[in-house]
Amino acid sequence: MIQLRAVTKKYKNNYALKNVNLDIMSGEFVFVTGASGAGKSTLMKLLYKEEVPTSGTVLIGGINIANLPSDKVPNLRRCMGIVFQDYKLLSDISVYDNIAYVIRTLGMSTKEISTRVIGALRIVGLLDKMNSRPSELSGGEQQRVSIARAIVNGPPLLIADEPTGNLDPKNSLEIMQILDQINQRGITIIVSTHDKSMVNYFRKRVLTLDGGEIIRDVQAGTYE
């Protein structure tokens, strides 16, 4: 599904990534780990074309997204779900509308939208909160809403950049369990994280970045 070939990303005189080669197969669950500044966020941003590589190719489904015209980027992002550390919810509308927002532009009927939103809310366990505003929810609940929003269109790929960074251990575990359940439905999951306990608990594939290079790639691995 995902192939990076000789990918380098340079900001002025600093290398965020150096000659990275990587293959992620469809249906995998991958943790991306490393210290702050190791290149984790840059790698994630390359996957949804928030950044473009200085050199090399980023292939998703055989398409080199590094060369994708800007007017095609929305189509790319419709094929993936993206979850951020800070949730990025719209504060002035309900949970239901936050999730429905991303598929209302796709020409679906009201009934189809409702079916998808309710289905996504069931997966994250928040059906009873669909009429609430984000401000009425806890941080863990807000992150669940952002996951529901990410999966409502049924994407084959979900990218989560530090999804538990603002959460306590209990909520972190619940979020990771939800991502694991989503992965079991066949969706590829890529999670960047500093959370050693979660990586050690779930024992998925672990990539470790240091100085912009992949220094470790293990199956059923731990943080260190």
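Biologist: How many bridges join strand E9 to E10?
Modeller: This is a predicted model, in which local features need pLDDT of at least 70 and side-chain atom pairs count only at pLDDT 80 or more, whereas totals for chains, interfaces and linings use all residues. Residues are numbered from 1 along each chain as its sequence is written, and side-chain values use heavy atoms, with hydrogens and water left out. Strands (E, at least two residues) and helices (H or I, at least four) are DSSP runs numbered from the N terminus, and two strands pair if DSSP finds at least two bridges between them. E9 (residues 205-210) and E10 run antiparallel, and the number of bridges joining them is five.

Biologist: Which strands stand at the edges of the sheet that contains E9 and E10?
Modeller: This open sheet has six strands in the order E6-E7-E8-E3-E9-E10, with mixed pairing. An edge strand has a single partner strand, so one side of it is left without a neighbour in the sheet; this holds for E6 and E10.

Biologist: By what angle are neighbouring strands of this sheet turned against each other on average?
Modeller: Axes are lines fitted to C-alpha atoms, for helices over the stretch in contact, and angles run from 0 to 180 degrees between N-to-C directions. For neighbouring strands here direction is ignored, and the average is 15 degrees.

Biologist: How many residues of E3 are buried?
Modeller: Buried means under 20% relative accessible area, exposed over 50%, and partly exposed in between, using a 1.4 Å probe and protein chains only. In a regular strand the side chains alternate between the two faces of the sheet. In E3, Phe29, Phe31 and Thr33 are buried on one side, and Val30 and Val32 on the other. E3 is largely enclosed by the rest of the structure, because the buried residues number five of the five.

Biologist: Which residue of E9 is the bridge partner of Val32?
Modeller: E3 runs parallel to E8, with four bridges, and there Val32 stands opposite Ser192. E3 also runs parallel to E9, again through four bridges. In E9, the bridge partner of Val32 is Leu207.

Biologist: At what angle does helix H6 run to E8?
Modeller: Helix H6 (residues 169-183) lies across E3 (29-33), E7 and E8 (188-192). Its angle to E8 is about 155 degrees.

Biologist: Which strands stand at the edges of the sheet of four strands?
Modeller: This open sheet has the order E2-E1-E4-E5, with antiparallel pairing. Two strands each have a single partner strand, so each has one side without a neighbour in the sheet: E2 (14-24) and E5 (63-64).

Biologist: Which residue of E2 is the bridge partner of Val7?
Modeller: E1 (residues 2-11) and E2 pair in the antiparallel sense over seven bridges. The partner of Val7 in E2 is Val20.

Biologist: Is Lys49 buried or exposed?
Modeller: Lys49 is found in the loop between H1 and E4, and its phi is near 60 degrees, a positive value in a residue other than glycine. Because its relative accessible area is 16%, Lys49 counts as buried.

Biologist: Is Ala220 buried or partly exposed?
Modeller: Ala220 is found in the segment after E10. Phi of Ala220 is near 50 degrees, a positive value in a residue other than glycine. With 48% relative accessibility, Ala220 counts as partly exposed.

Methods. Contact = heavy atoms within 4.5 Å.
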